[in-house]
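Work through the following exercises with the sequence and the model open. Each task is followed by a solution in steps.

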Amino acid sequence: MRIIRLSVALGIILAAFSMNVQAQHDNAASVDPFIGSGGHGHVFVGANVPFGAVQLGPMNIFKGWDWCSGYHYSDSIIIGFSHTHLSGTGCADLGDVSFMPYSGTLRTATGRQDNIQGAASSYYDHEHEQAAPGYYQVDLKNGVKVELTATDRVGMHHYQYTAAGTPRVLIDLANGIDSKTYESYVQRVDDYTVQGYRFVHGWAPTHKVFFYAKFSKPVKSLDTFLGDDRIGHDELQGRNVKSVASFADDVKDVLVKVAISSVSCTNAKMNMEQELPGWDFAATHKAAADKWNRQLGVVDIQGASESERKVFYTALYHMFIAPTQYCDVNGDFRGMDDKIYTNNKFRNYTTFSLWDTYRTLHPLFTVLVADKIDDMMNSMLSIYDQNGKLPIWPLLSGETNCMPGYSSVPVLADAYLKGFRGFDATKAVNAMIATGTYDKQNGVPEFMRYGYIPADKKREATSINLEYAADDRGTALMAKRMGRTEDYQTFLKRSNSYQLLFDTKINKIHPKMADGSWYEPYNPFLANHRDGVGDFTEGNGWQYTFMVPQDPEGLIACHGGDAAFVKNLDSLFVAEGDLGEGAPPDVSGMVGQYAQGNEPNHHIPYLYAYAGAQYKTAACVRALQKQFYVAQPDGYAGNEDCGQMSAWYVSSALGLYQVNPSNGVYVFGSPSFARATVNLPGGKKFTVVAHNNSDRNVYIQSARLNGRKYTRSYVTYQDIMRGGTLEFVMGPEPNRHFGAAKKDRPVSAR
């Protein structure tokens, strides 16, 4: 059974148009997948296709936080090539079903970073390593040249053995990326086929991966191991199963296809038979590259240097790695309740890093991948059915419950308010209300009892409160649009709860106790956890003072007006203070107390426009782009976080940023390129032209929309999706009048 698409006509139109774009531009050639693989970027390096279920890439020995994706640019040892990886996260998991080619004596050990003698692992260096969208290649120092490519659900390996000795492949179901195998199985089906599974406890509490592998050359023997203890041949079930496929000594060239499924080995086989029945590696690689070019062709930029193109298209590439497909070719998938869901009328997705991505990535998806929005919303509603609440940070068949907020709520609201109707809106708003009142959700009972979350009742209470307030504005707006007045008023009030935490004496968000008093002594510079409790998640009081993307006008009023607000916002970017001992490394990319390396800060530079000072936004975002997005392995300020860090750059480089995550209002910043064209569904185009643009000319002097004078400092989602041309005249000095009048400022929906 084929997956029934909800927007077939839109998908066909978008695909056909994208094919024309691809024929004209090889944007994939500008991508450098190694950007963000050093420092704290944590990006995936390997072969995949846009939003693919398979991320096939190298895996190092896990050594902590900077190896969350399984790979770090500083490393020199590869232990295998696994088929699932996270990209940019601050938590580690996956690394499922690892294949490692080598020659010589039978061995399965991983080794240590300081000694891999006698291990199956191998050294490598970057001089003999290449990566591009849909492709990875490395010459291992053990004498095997490895090439990787992928389809949606199948990884394809090409091994060329040059060293003496019997050619072999280690199939490792024990090692993952900081995850623990609790059950695994391997079986030699015939001389060319091996299948099995890996069941795992990890960051996602539980996930199951089944695989079906075909070799191009006959497997002479399949030796089985529990850990590194040799057990027998051909079949084994246990906790940490490994096996070694050995070939005839004269074999020098081997292709391997590995399909995965959350359902069964039978479904994995079906995935392979439908997606990759043949053995043409070059054709598979070309198909993956073409798919990436079609996806990257959604934006075309002009007037950029080679380095700027590399940074931009690499960011766009990172935006399209996750969410990842989580269903077989017939639509089946395993739910969070461990049940198999069949006859699905949508394409199921997972890996929603929502606390990060609700801010910029998902609002940008509604423009750049509009054909996928309904499927993503239906995936979230399916998780509600499985788990009793909307997703927080779902990964495969597990809910990590990571980070504060129920951040799927503004994503669903934004989609509905922008006109997407391929999901059940009544079910969605009911799920949003149920999630916001779910008594097992962290801090919700306290929120409902006190009207805010007291600092002496919950760890990181103030951050949780502010996230819920931002989320609740989305519920309010959707309820209002659907005529549910009582729900609208209830959640609007909740969305204004930040006002109860704003201390007018210090013009800061201030943690409040259950008795209504302020927590004292309070130091807004501290980002560590005082008294073992902590008030903020990966941030401090300076940063969270401005974590009100749903209502900047209300935050300005709390300050007493534009002047006081701008003064406080100016101070954020210059204030110096100690974050405190044990402050999380996520608070990075610092400019004063602003942290570009962490997501709750991302909207803050755009708040100036709400106070009539758009020129300050322009100067700030242009400087941040130049400072924190660089074409080198440590070129990101912090964790890339499943596309959010990149989405901020892409959106800012286009000159447009949605501050309120459920509002559809895109605030002007400072466009980076002379011309940027967004290729929309139906053959429409939205083009941003920046006349006289340069590193010095960062300020908007004037604007025109579709040839007419335009004085506002924002456009709407509808303006963009209708297509047209937005022209800016740029200059070296601020035009303080542009966007300053009340009628020209961005407005938050109420």
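The exercises below deal with sheets, a helix pair, single residues, backbone exceptions and cysteines.

The model is predicted, so local features need pLDDT of at least 70 and side-chain atom pairs count only at pLDDT 80 or more, while totals for chains, interfaces and linings use all residues. Residues are numbered from 1 along each chain as its sequence is written, and side-chain values use heavy atoms, leaving out hydrogens and water.

**Exercise 1. The antiparallel sheet**

Task: determine the strand order of the open sheet of 9 strands, and find which strands are at its edges.

Solution.
- Step 1. Helices (H or I, at least four residues) and strands (E, at least two) are DSSP runs numbered from the N terminus, and two strands pair if DSSP finds at least two bridges between them.
- Step 2. The order is E6-E7-E8-E9-E18-E13-E12-E11-E16, and the pairing is antiparallel.
- Step 3. Strand E6 (129-132) and E16 are the edge strands, each pairing on one side only.
- Step 4. From one strand to the next the twist averages 15°. Axes are lines fitted to C-alpha atoms, for helices over the stretch in contact, and angles run from 0 to 180 degrees between N-to-C directions.
- Step 5. Within this sheet, strand E8 (residues 144-150) is joined to strand E9 (residues 154-161) by 7 bridges. Thr149 stands opposite Met156 in E9.
- Step 6. Helix H3 lies across strand E7 (135-139), E8, E9 and strand E18 (253-261), and runs at about 50° to E8.

**Exercise 2. The mixed sheet**

Task: work out the order of the open sheet of 6 strands, and explain why one side of each edge strand has no neighbour.

Solution.
- Step 1. The order reads E19-E32-E33-E37-E34-E35, with mixed pairing.
- Step 2. Strand E19 (299-302) and strand E35 (708-710) each have a single partner strand, so one side of each is left without a neighbour in the sheet.
- Step 3. The average twist from one strand to the next is 20°.
- Step 4. Strand E33 (residues 685-691) and strand E37 (residues 724-731) run parallel and are joined by 6 bridges. Ala690 has Phe728 in E37 as its bridge partner.

**Exercise 3. A helix pair**

Task: classify the packing of helix H7 (residues 373-387) against helix H8 (residues 408-417).

Solution.
- Step 1. The two helices pack at an angle of about 140°, and their axes are 11 Å apart.
- Step 2. Angles under 35 degrees count as roughly parallel, over 145 as roughly antiparallel, 65 to 115 as roughly perpendicular and the rest as oblique. H7 is therefore oblique to H8.
- Step 3. Ile373, Met377, Met380 and Leu381 of H7 make the contact with Ser408, Val411, Leu412 and Ala415 of H8. Contact means heavy atoms within 4.5 Å.

**Exercise 4. Two loop residues**

Task: is Asn48 buried or exposed, and how does Gly278 count?

Solution.
- Step 1. Buried means under 20% relative accessible area, exposed over 50%, and partly exposed in between (1.4 Å probe, protein chains only).
- Step 2. Asn48 is in the loop between helix H1 (8-24) and strand E1 (57-59), and counts as buried because its relative accessibility is 0%.
- Step 3. Outside its neighbours within four places in sequence, Asn48 contacts Val54, Gln55, Gly134, Ala150, Trp292, Tyr317 and Ile321.
- Step 4. Gly278 lies in the loop between helix H2 (265-275) and helix H3 (281-296). At 33% relative accessibility, Gly278 counts as partly exposed.
- Step 5. With neighbours within four places set aside, Gly278 is in contact with Met156 and Lys257.

**Exercise 5. Backbone exceptions**

Task: find where Val97 and Asp234, both with positive phi, are placed, and which residues the cis peptide bonds join.

Solution.
- Step 1. Most residues other than glycine have a negative phi, and most peptide bonds are trans.
- Step 2. Val97 has a phi of about 60° and sits in the loop between strand E3 (80-82) and strand E4 (98-103). Val97 is buried, with a relative accessible area of 0%.
- Step 3. Asp234 has a phi of about 75° and sits in the loop between strand E15 (229-233) and strand E16 (235-238). Asp234 is partly exposed, at 31% relative accessibility.
- Step 4. The bond from Ala322 to Pro323 is cis, with omega near 0°. Glu520 and Pro521 are also joined by a cis peptide bond, with omega about -5°.

**Exercise 6. Cysteines**

Task: how many disulfides does the structure hold?

Solution.
- Step 1. A disulfide is a pair of cysteine sulfur atoms within 2.5 Å. The structure holds 0 disulfides.
- Step 2. For Cys642, the nearest cysteine sulfur is that of Cys91, 11 Å away. Cys642 is buried, with a relative accessible area of 3%.
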